[in-house]
Amino acid sequence: MWANFLIAANGACTLGGSSNRLSSPRDRERFHHLRSQARAIVIGGSTFRQEPYRRAPLPLYVATHSASPEMKERNPQAHFYDLTPEEISLLAQRECGDPILVEGGPNFLCVLLQRELITDLFLTRTSMAGDANFFDIDALLTNYRCVESERSNDEVFEVWKLSR
């Protein structure tokens, strides 16, 4: 199971309500490359509401306690379930195969990293400052090792693997 995550220099995950404003063209290129290799996308309801998921190139699994008619209308192909991050990720994995790409926000990702369900974390660290959703990603990486690090302009792209 893979996860893609972007974090600002000040630990924020969003700027103006979305992670898109923190993302560079190079980061989006890497993001789309990861998607091209995945079998399904898994997110939480907050990410679905805040980010542009009107269409998804892969099966989209959304963990939410309240899938409103508006959410279902926004993307009729999305699969909405009242499940935990762990449960929905494992469901997507069973139904679609590996790799599953987790694109959820900090709360969603935190659970999966703590349970060591993420095998590969693709992390972009931008030098920009965000304004919300602050998160200490480094505190969750104690059971992971950085196997790749690449600097490009004002960001660092890292690949972390689960150390088992």
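Student: Let me start with a helix: which residues of α5 are buried?

Tutor: Pro106, Phe108, Leu109, Cys110, Leu112 and Leu113 are the buried residues of α5. Keep in mind that this is a predicted model. A residue is called buried when its relative accessible area is under 20%.

Student: And what should I look at just after α5?

Tutor: Look at the backbone of Glu116, which has a positive phi of about 55 degrees.

Student: Now the sheet. In what order do its strands lie?

Tutor: Read across the sheet, not along the sequence. Here eight strands form an open sheet, ordered β5-β4-β3-β6-β1-β7-β10-β9, with mixed pairing. At the edges are β5 (79–81) and β9 (144–152), each of which pairs on one side only. On average, and with direction ignored, neighbouring strands are turned by 20 degrees against each other.

Student: Which helices pack on the sheet, first α1 and then α4?

Tutor: For each helix, check the strands in contact and the angle between directions. Helix α1 (residues 25–37) touches β1 (2–7), β3, β6, β7 (120–126), β9 and β10 (155–162), and its direction makes about 170 degrees with that of β1. Helix α4 (residues 85–96) touches β3, β4 (60–63), β5 and β6, and makes about 160 degrees with the direction of β4.

Student: How do β3 and β4 pair, parallel or antiparallel?

Tutor: They pair in the parallel sense, over four bridges. As an example of strand register, Ile43 stands opposite Val62 in β4. β3 (residues 40–44) also runs parallel to β6 (residues 100–102), joined to that strand by three bridges. There, Ala40 has Ile100 as its bridge partner.

Student: What about the faces of β4: which residues lie on each side?

Tutor: Sort the residues by side, then check burial. Leu60 and Val62 lie on one side of β4, Tyr61 and Ala63 on the other, and all are buried, so both faces are covered.

Student: Let us move to β7. How many of its residues are buried?

Tutor: Six of the seven, so β7 is mostly covered. Next, read its two partners. Six bridges join β7 to β1, and these strands run parallel; Ile7 has Arg125 as its bridge partner in β7. With β10 the sense is antiparallel, over seven bridges, and Leu123 has Glu158 as its bridge partner in β10.

Student: Asp120 is found in that strand. Is its side chain buried or exposed?

Tutor: Asp120 counts as buried because its relative accessible area is 9%, and the cut-off is under 20%.

Student: With which side chain does the side chain of Asp120 make a polar contact?

Tutor: With that of Trp2, at 3.5 Å. Leaving aside residues up to four places away in sequence, Asp120 touches Met1, Trp2, Ala3, Trp160 and Lys161.

Student: Finally, how much space lies in the largest pocket?

Tutor: About 890 Å³. After the volume, turn to the lining: there are 39 residues, and the closest to the centre are Thr47, Glu51, Glu103, Gly104 and Gly105.

Student: Which elements give two or more residues to that lining?

Tutor: They are β1, β2 (12–14), α1, α2 (45–50), α5 (106–114) and β8 (132–134). That brings us back to α5, the helix you asked about at the start.

How values were computed: Residues are numbered from 1 along each chain as its sequence is written. This is a predicted model: local features need pLDDT of at least 70, side-chain atom pairs count only at pLDDT 80 or more; totals for chains, interfaces and linings use all residues. Side-chain values use heavy atoms; hydrogens and water are left out. Two strands pair if DSSP finds at least two bridges between them. Axes are lines fitted to C-alpha atoms, for helices over the stretch in contact, and angles run from 0 to 180 degrees between N-to-C directions. Contact means heavy atoms within 4.5 Å. Buried means under 20% relative accessible area, exposed over 50%, partly exposed in between (1.4 Å probe, protein chains only). A polar contact is a pair of N or O atoms within 3.5 Å; within protein, one must be able to donate a hydrogen and the other to accept it, and residues adjacent in sequence count only if both atoms are side-chain atoms. On a 1 Å grid over the protein atoms alone, a cavity is a set of points where a 1.4 Å probe fits but cannot get out, and a pocket is an open set with protein on both sides within 12 Å along at least five of seven lines; lining residues have an atom within 4 Å of a point. Grid points are joined across faces, edges and corners, and a volume is the space filled by probe spheres set on the points.
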